[in-house]
Structure formats: C-alpha cells, structure tokens
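User: Got a minute to go through this one with me? I'd like the overall picture and then some details.

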Amino acid sequence: MKNEILFNLSYGMYAIGVKDEKAVSACIVNTVIQVCNTPNIVAISMNHDNYSHGCIVENGIFTVSVLSENTSGAVIGALGFNSGRDTNKLNNVSHKILAEGVPVIKENSCCWFLCKVISSTETPTHTVFIAEVIAGSD
C-alpha cells in the first residue's frame with residue numbers, strides 16, 4: 001500500500017486550549033471528530049510529546065476552538081510551531097479564559113466547546129482522548 005493515499009483524507013484546523021497549575025496554553029491539531037450526539041462526545045488525537053498532552057492528562061479538560069479559513073498564519077504559527085513549555089503561546093493571540101480556567105481562541109474562530117475527558121486510547125505516538133462536550137458557543 002502507498003501511504004500517500006491517506007493524504008486524501010480531509011481535515012480541519014483546531015486550537016486545543018489547556019491549562020496547568022501555572023498558566024494556560026493552546027496547540028494546533030487537525031484531528032477532532034464527533035463520536036456521537038446524545039450525549040455530545042468528541043475525540044481528539046494528540047502527540048505524546050506535546051506540552052498540551054500532559055495538561056490534558058493532568059486536568060482532564062480542554063477546549064476546542066474551530067478555526068476558520070481566515071485564521072492568520074501568525075496565529076497558526078504561534079500555536080503550532082512553539083512549545084507551551086518554553087513560551088506563552090497566547091501572548092499575541094486574541095483569546096478569553098473560561099471559568100474553568102482553559103482558553104478559547106477568539107480570533108477568526110467559528111465556535112468553541114469545552115470538553116471533559118471520559119476515556120482515552122493509546123497508540124505508539126498519540127493519545128486519542130474521548131471527551132464529553134459540556135459547554136460551547138459560536
């Protein structure tokens with residue numbers, strides 16, 4: 001099989017908002033899927049090496065901001081090409097902090113939802129987090 005055939009799958013662009021005991025952060029992922037809608041359950045896939053991965057494991061919550069096609073390269077670069085371990089990725093990105101302490105992206109975001117992890121599955125490089133959507137807005 002040619003692995004390149006998988007390049008034909010379609011993806012979106014999402015910012016996953018997280019927190020740790022000191023700060024908030026966010027990262028870019030392209031894999032968020034709706035699993036079911038009664039209750040509303042989503043799944044995200046995240047690399048084990050991501051700083052945000054550890055935050056989700058530690059706190060069990062995260063946000064998903066659905067980014068529009070108009071999201072600037074500067075926002076995608078800030079959230080996608082830096083590590084939250086080393087920098088405040090949200091420093092120049094328009095966002096708000098929810099009462100639960102996790103951020104949502106305001107800049108060119110189609111909508112956001114707050115998620116509580118209910119289970120996870122491990123792969124060699126990624127964790128698939130299964131989460132209930134407990135709040136959201138457009």
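User: Let's start with the surface: how much does the chain expose, and what share do carbon and sulfur atoms supply?
Analyst: The chain exposes about 7,800 Å², and 51% of that is supplied by carbon and sulfur atoms. Those accessible areas come from the Shrake-Rupley method with a 1.4 Å probe, and for residues only the protein chains shown count as cover. Keep in mind that this is a predicted model: local features need pLDDT of at least 70, side-chain atom pairs count only at pLDDT 80 or more, and totals for chains, interfaces and linings use all residues. Residues are numbered from 1 along each chain as its sequence is written, and side-chain values use heavy atoms, with hydrogens and water left out.

User: OK, what pattern does the chain follow along the sequence?
Analyst: It reads β-β-β-β-α-β-α-β-β-β-β, with two helices and nine strands. Helices (H or I, at least four residues) and strands (E, at least two) are DSSP runs, numbered from the N terminus.

User: And how many of the 138 residues are buried, as a percentage?
Analyst: Buried residues make up 39%. Buried means under 20% relative accessible area, exposed over 50%, and partly exposed in between (1.4 Å probe, protein chains only).

User: Which residues are in the largest nonpolar core?
Analyst: That core has 19 residues, and the ones with the most contacts inside it are I16, I44, M46, I56, F62 and V64. At least two residues each come from β1, β2, β4, α1, β5, β8 and β9. Another core lies apart from it, with nine residues, including L67, A78, V93 and I105. A nonpolar core here is a set of buried Ala, Val, Leu, Ile, Met, Phe, Trp, Tyr and Cys residues joined through side-chain atoms within 4.5 Å.

User: What's F62 in contact with?
Analyst: Leaving aside neighbours within four places in sequence, F62 contacts I16, G17, V18, I44, I56, F113, L114, C115, V117, F129 and A131. Contact means heavy atoms within 4.5 Å.

User: Now the helices. Which residues of α1 are buried, and what covers them?
Analyst: In α1 (residues 51-59), the buried ones are Y51, S52, H53, C55 and I56. Their cover includes β1 (14-19), β2 (24-29), β4 (40-47), β5 (61-67), β8 (109-122) and β9 (126-137). Just after α1, G60 has a positive phi of about 75 degrees.

User: Same for α2: which residues are buried, and what do they pack against?
Analyst: V75, G77, A78 and L79 are the buried residues of α2 (residues 73-80). They pack against β1, β2 and β7 (103-105). I28, found in strand β2, touches L79 and G80, among others.

User: Back to backbone geometry: where's the cis peptide bond?
Analyst: Between T38 and P39, with omega about 5 degrees. P39 sits in the loop between β3 (32-37) and β4. N108 also has a backbone feature to look at: its phi is near 55 degrees, a positive value in a residue other than glycine. N108 lies in the loop between β7 and β8 and counts as partly exposed because its relative accessibility is 33%.

User: Last one: which residues make the nonpolar surface patch?
Analyst: M1, I5, L6, L9 and Y11, over about 580 Å². Y11 is in the segment before β1, and with 47% relative accessibility Y11 counts as partly exposed. Patches are made of residues with over 30% relative accessible area and no salt bridge, with like charges joined within 9 Å and nonpolar side chains (Val, Leu, Ile, Met, Phe, Trp, Tyr) within 5 Å. A salt bridge is a side-chain nitrogen of Lys or Arg within 4 Å of a carboxyl oxygen of Asp or Glu.
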